[in-house]
Amino acid sequence: MTIAVRVIRDERYLEHRPGSEHPESPKRLRSVYRMIEKDFPDADLYLEPDLATLEQLELVHAPSYVRQILDTSEREFTTLTPDTAVSAKSYLSAWLAVGGCLKGLEALMAGQCRACFCLARPPGHHALPDRASGFCIFNNLGVTARYALEQYGLKRILIVDWDIHHGNALQNLFYSESAVLYFSSHYMGWFPHTGDWDETGQGEGEGYTVNLPVFKELGDADMMHLYGELLVPVVQRYKPELILVAAGFDGHHRDPLGRTRLTESCFGWLTQLLVQLSDSVNAAPILLALEGGYDTHALAASVREVLKVLSHQGRRERIPTFKTERAAQLVEKVRRAHARYGIWTR
Ligand SMILES: [Zn+2]
C-alpha cells in the first residue's frame, strides 16, 4: 500500500493573533512548521492555500457574519466572544484556513494524493453559522464537507473528530443528514459540554452522529480500543467516499487544556487505522485539518507521528491490540444507543 500525502502550509496562518495570553497562539503553528522543515524537507510535499470564495463560506455561514469578520480588518483588535478575539489580519488567516481545506479537497479529488493534512489556524469545529466560538472563526471542515457534497456530488462523507473537545458546531451542521456521518471522541467535562452518547442525530440523520464521551483518564489503550471497536464497523458499513478528520491534539497528556493521558504515539496509530480503513473502502481520500493542541512541543510531536505514517517514513508494524475494561463499557453504551438504527451495529 502506498499513500501519497500533501501538506498545506502558509506563513499567513501566523497572522491571526488573538492576544498574548491566548492559548490559540501563533506559537503553536510555528512549532509545527519548525518540525516539518526539519523532518519533512521535501518541497514536493507542500501546497499553498487559495482564499475561499464568499460563495464557499456562505455554504455554512450567514452573509452578515462573513461581513462582520471582514470588517474586523479595520481594527487592531476585536473581541468577538469572551473566548475568541481577532487582530487586523485574522480575517485573512481565517479565510485561508477554509481555503486550505478546500485546496486539499481539490488535490484529493483530482487524484494528486490519497491524504492531505491542512496545517492551518484558526481552528474550526466550534464555529457556528453566525458566531465565532471556542477559538474558531469559520467552520473549516463544515464548509469543506458541504462543498464536497455540492460540488463533487458525494453521497457519504465521514467526519472523524479526535480533538478532546466536542465539535458541537460540526455536529449541528449535519445533525439531520445521512450524507455526513459525524464520529467524535471527546471529554464532556469541558467546553462545549455537548456530545453525549445518546446524541445520535435526528430525522434523516438519525443514527448518523456517533458520540464517544470519554473519561478523563483516557489513555492510548482506551483510545485504540474505542476506535477499533467503533470506528471500524462504522467505516465498513457506511463506506464513506471521503474521510475528513478534525485533528486536534489536545488530548495529549502534556496539553494545558486537554489533560487526558494520550501520547503522540496514539495519533500515529489512529492515522494508521484510518489508512487501513480507507484501503478497505475503495481508497477513500483522507483530509485532516488541524484543530486544537496547546502544548507546542506535544503538538509538533503528535503532528510528526501523523505525517510519518502518511509519508511512509514511519513504522509499518501492526497496530498493537488494546483492550481495557472502561473502554469496553463505553463501547457497549454507544452500541446500545445505535442498535435501533442498525446502520453499523449489525
Ligand atoms: Zn480542542
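**Close-up views of helix 8 and four loops**

In this predicted model, helix 8 holds a run of buried residues: Cys266, Phe267, Gly268, Trp269, Leu270, Thr271, Gln272, Leu273, Leu274, Val275, Leu277 and Ser278.

**View 1. Helix 8 is mostly covered.** Here we look at residues 264–280. Of the 17 residues in helix 8, 12 are buried. Their cover includes two helices, helix 7 (220–238) and helix 9 (296–310), along with strand 6 (157–161), strand 9 (242–247) and strand 10 (286–290). The length of helix 8 fits too: at 1.5 Å a residue it should span 24 Å, and its end C-alpha atoms lie 25 Å apart, which agrees.

**View 2. Positive phi values follow helix 8.** Just past the end of helix 8 comes Asn282, with a positive phi of about 65 degrees. Ala283 belongs to the loop that leads from helix 8 to strand 10. Although Ala283 is not a glycine, its phi is positive, at about 55 degrees. With a relative accessibility of 32%, Ala283 counts as partly exposed.

**View 3. Lys239 sits in the loop between helix 7 and strand 9.** This residue is not a glycine, yet Lys239 has a positive phi of about 50 degrees. Lys239 is partly exposed, and its relative accessible area is 47%.

**View 4. A cis peptide bond runs from Arg121 to Pro122.** Its omega is near 0 degrees. To find Pro122, follow the loop between strand 5 (115–118) and helix 5 (140–151).

**View 5. Phe191 and Pro192 are joined by a cis peptide bond.** Omega is about 0 degrees here. Pro192 is in the loop that connects strand 7 (180–187) with strand 8 (209–214).

Terms used:
Residues are numbered from 1 along each chain as its sequence is written. This is a predicted model: local features need pLDDT of at least 70, side-chain atom pairs count only at pLDDT 80 or more; totals for chains, interfaces and linings use all residues. Side-chain values use heavy atoms; hydrogens and water are left out. Helices (H or I, at least four residues) and strands (E, at least two) are DSSP runs, numbered from the N terminus. The expected span of a helix is 1.5 Å times one less than its number of residues. Buried means under 20% relative accessible area, exposed over 50%, partly exposed in between (1.4 Å probe, protein chains only). Contact means heavy atoms within 4.5 Å.
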